[in-house]
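Here's a walk through a protein–DNA model, written for someone who likes to know the cut-offs. Have a look at the structure, and then we'll start right at the contacts.

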There are 2 protein chains.
Amino acid sequence: MIAHKIVPNISVDCVIFGFDFEKLNVLLVEREMKDEKTGEVLIRDHTLAGYHIFEDEDLDSAAARILKGLTGLDNIFLEQFGAFGQLDRVSGPKDKMWLDYINKGFADRVVTVGYLALIDNTKVTLTLKDRNVAWFPVSMVSDMEMAFDHKYLFYTAMEALQRKVKVEPIAFELLPDYFTISQLQKLYEALLGTSFDKRNFRKKVAQMHYVIPLRKKQQGVPHKPAQFYLFSREVYDKTRKGRISFII
Amino acid sequence: MIAHKIVPNISVDCVIFGFDFEKLNVLLVEREMKDEKTGEVLIRDHTLAGYHIFEDEDLDSAAARILKGLTGLDNIFLEQFGAFGQLDRVSGPKDKMWLDYINKGFADRVVTVGYLALIDNTKVTLTLKDRNVAWFPVSMVSDMEMAFDHKYLFYTAMEALQRKVKVEPIAFELLPDYFTISQLQKLYEALLGTSFDKRNFRKKVAQMHYVIPLRKKQQGVPHKPAQFYLFSREVYDKTRKGRISFII
DNA sequence: TTAACTTTGTGTAGATAGTACACCAACAAA
DNA sequence: TTTGTTGGTGTACTATCTACACAAAGTTAA
């Protein structure tokens, strides 16, 4: 293992979203610091998955590295949602104390680049055990204490996600390869915080020729089994209409 | 004037767009370097408006500072479109030579944050004289030589602009306070590289209640004078419909 | 084996928005 | 008064959006 030199004033933070067929979740890392003598808990809050970039790696690679380290996953949807450089973003009292404590040679002034990651929950959950990493419902974030400006980063990521999801077929990144229309609908409802009429939603999906029905059906469910579908990016790219819709 | 210390490895670059009622333009700075002895031109190309951030300023302020320095304008639409951190982004042969030449203590590895600025051409043009700064039609950029990865930044900004313009009422930032519908149509056509049917376009504008007709008309034009309109952000914010339009 | 439960999956009618298309009106200049 | 130029309007057709109710296909429990 090569020791990489970090860039002390540039970091990358990942807002990692997952969907459990019920609600949208975000992956957070617990940050804890105890008084060495008394054992008193001085800091216990959460941070996004992030780290400083290395001197010999670009931003996207740094984000991918962090994601892989935490989830074991490769080839994940990962996209920038902004750069953050407020002067005081890492200098709250707890944050100062923390940086002192871990003593890694990070600068006082750090610009971070935010990445948003969408992962298929069914493929993870395992690698996380015995680490201080866990999924939290996005609705819970408002009540949590978070390090640095990470709560702000989270909400910025959330807004970016809601904007993108209306305009690009990225929601599928949060679903397994095979999914039902109901699952897709629940996902959009969770993402946008709304609810849709079932028949109208399905009519819409029927127009998306890149959402392709399979011969497979659910099995063992105590109700009428649903049909599985898959998302085809090839079909999407081919049939995509460059529609212009001014906002009214 | 206080001397600010720069951050050697973080910069901001502004892609400044303007509209002259005919086409979309971008503001570029000429970069020239001559051999000290022979006078031979070693470098003559263009860069975006950019500079390293200062230690005591955040990213948005740095972008605003750069914009003000170049155009004299304040309160300009200015929005991030990405962060760029490729390892080799400032290390082409000419770029190395240039950085050596200007010798400002910039790092070899620089992460830049791209900002896109939209300005009302009628308010500038003046302050630019006797500087190596000029407007270029965006269609001309493909044939120009540009410093660093600035051509790539430009195209990324262009795509971001085209995306945003379909979904947010930011095009108005490129027009004067009062404008005609034809000017608005030409602007959208220039931005998106398409053309629209006049009647349908005007029907659409009529639905945008935030585009408000004035009593004023054009004067001194050798044809039927057009009515002026203005954009009202207040009305926009009030009447905005949170429409969801999945892409098909 | 029947009944109860749960989720799937379907159609229609009215309203709204999108598209394609041609001509007269108002002004300046010659 | 004619010419040139841009501004400004309406209609018929199609596509999409919205609101809304009930039978079908499974499992489970009586």
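## Polar contacts to DNA strand C

Let's begin with Lys204(B): a polar atom of its side chain sits 3.2 Å from a phosphate oxygen of DNA strand C. A polar contact here is a pair of N or O atoms within 3.5 Å; within protein, one must be able to donate a hydrogen and the other to accept it, and residues adjacent in sequence count only if both atoms are side-chain atoms. This is a predicted model, so local features need pLDDT of at least 70 and side-chain atom pairs count only at pLDDT 80 or more, while totals for chains, interfaces and linings use all residues. Side-chain values use heavy atoms, with hydrogens and water left out, residues are numbered from 1 along each chain as its sequence is written, and chains are lettered from A and ligands numbered from 1 in the order in which they are written.

The bases of strand C get contacts too. Asn200(B) puts a polar side-chain atom 2.9 Å from a base nitrogen of DNA strand C, and a polar backbone atom of His223(B) is 3.2 Å from a base oxygen of that strand.

## The surface around strand C

Which residues come nearest to DNA strand C? Of the 22 around it, they are Ser182(A), Lys198(A), Arg202(A), Lys203(B) and Val221(B). To count as near, a residue needs one of its heavy atoms within 4 Å of the strand. On the DNA side, 41% of the strand C atoms within 4 Å of the protein belong to sugar or phosphate, and the rest to bases.

Helix H5 (198-207) of chain A and helix H5 (198-207) of chain B each supply at least two residues of this surface, with H5(B) giving the largest share, five residues. Helices (H or I, at least four residues) and strands (E, at least two) are DSSP runs, numbered from the N terminus. By type, the surface near strand C divides into six nonpolar, six polar and 10 charged residues. In that scheme Ala, Val, Leu, Ile, Met, Phe, Trp, Tyr, Cys and Pro count as nonpolar, Asp, Glu, Lys and Arg as charged, and the others, Gly among them, as polar.

## Over to strand D

DNA strand D has 21 residues around it, and Lys203(A), Pro222(A), Lys198(B), Arg202(B) and Pro222(B) come nearest. Sugar and phosphate make up 40% of the strand D atoms that come within 4 Å of the protein. H5 of chain A and H5 of chain B each supply at least two residues here as well, and the surface splits into six nonpolar, five polar and 10 charged residues.

As for individual atoms, a side-chain N or O of Asn200(A) is 3.0 Å from a base nitrogen of DNA strand D. Two phosphate contacts go with that: a polar side-chain atom of Lys204(A) is 3.4 Å from a phosphate oxygen of strand D, and one of Ser182(B) is 2.8 Å from a phosphate oxygen of strand D.

## How the two chains relate

Superposing chain A on chain B takes a rotation of 180° with 0.0 Å of shift along its axis, at an RMSD of 0.1 Å. The two copies are thus related as by a two-fold rotation axis. Both use the same surface: 100% of the contact residues of chain A recur in chain B. The fit is by least squares on the C-alpha atoms of residues with pLDDT of at least 70 in both copies, and contact means heavy atoms within 4.5 Å.

## Inside chain A

Chain A has six helices and nine strands, and its C-alpha atoms fill a box of roughly 60 × 45 × 40 Å along the principal axes. Buried residues account for 48% of its 248 residues, where buried means under 20% relative accessible area, exposed over 50%, and partly exposed in between (1.4 Å probe, protein chains only).

Helix H2 (residues 93-102) of chain A has Asp95(A), Trp98(A) and Leu99(A) buried. Seen down the axis, the buried residues of H2(A) fall within an arc of 95°, so they line one face of the helix; the arc is that of the directions from the helix axis to the C-beta atoms. Their cover includes strands S2 (24-34) and S3 (41-47) of chain A, while the face turned away carries the exposed Pro93(A), Lys96(A) and Asp100(A).
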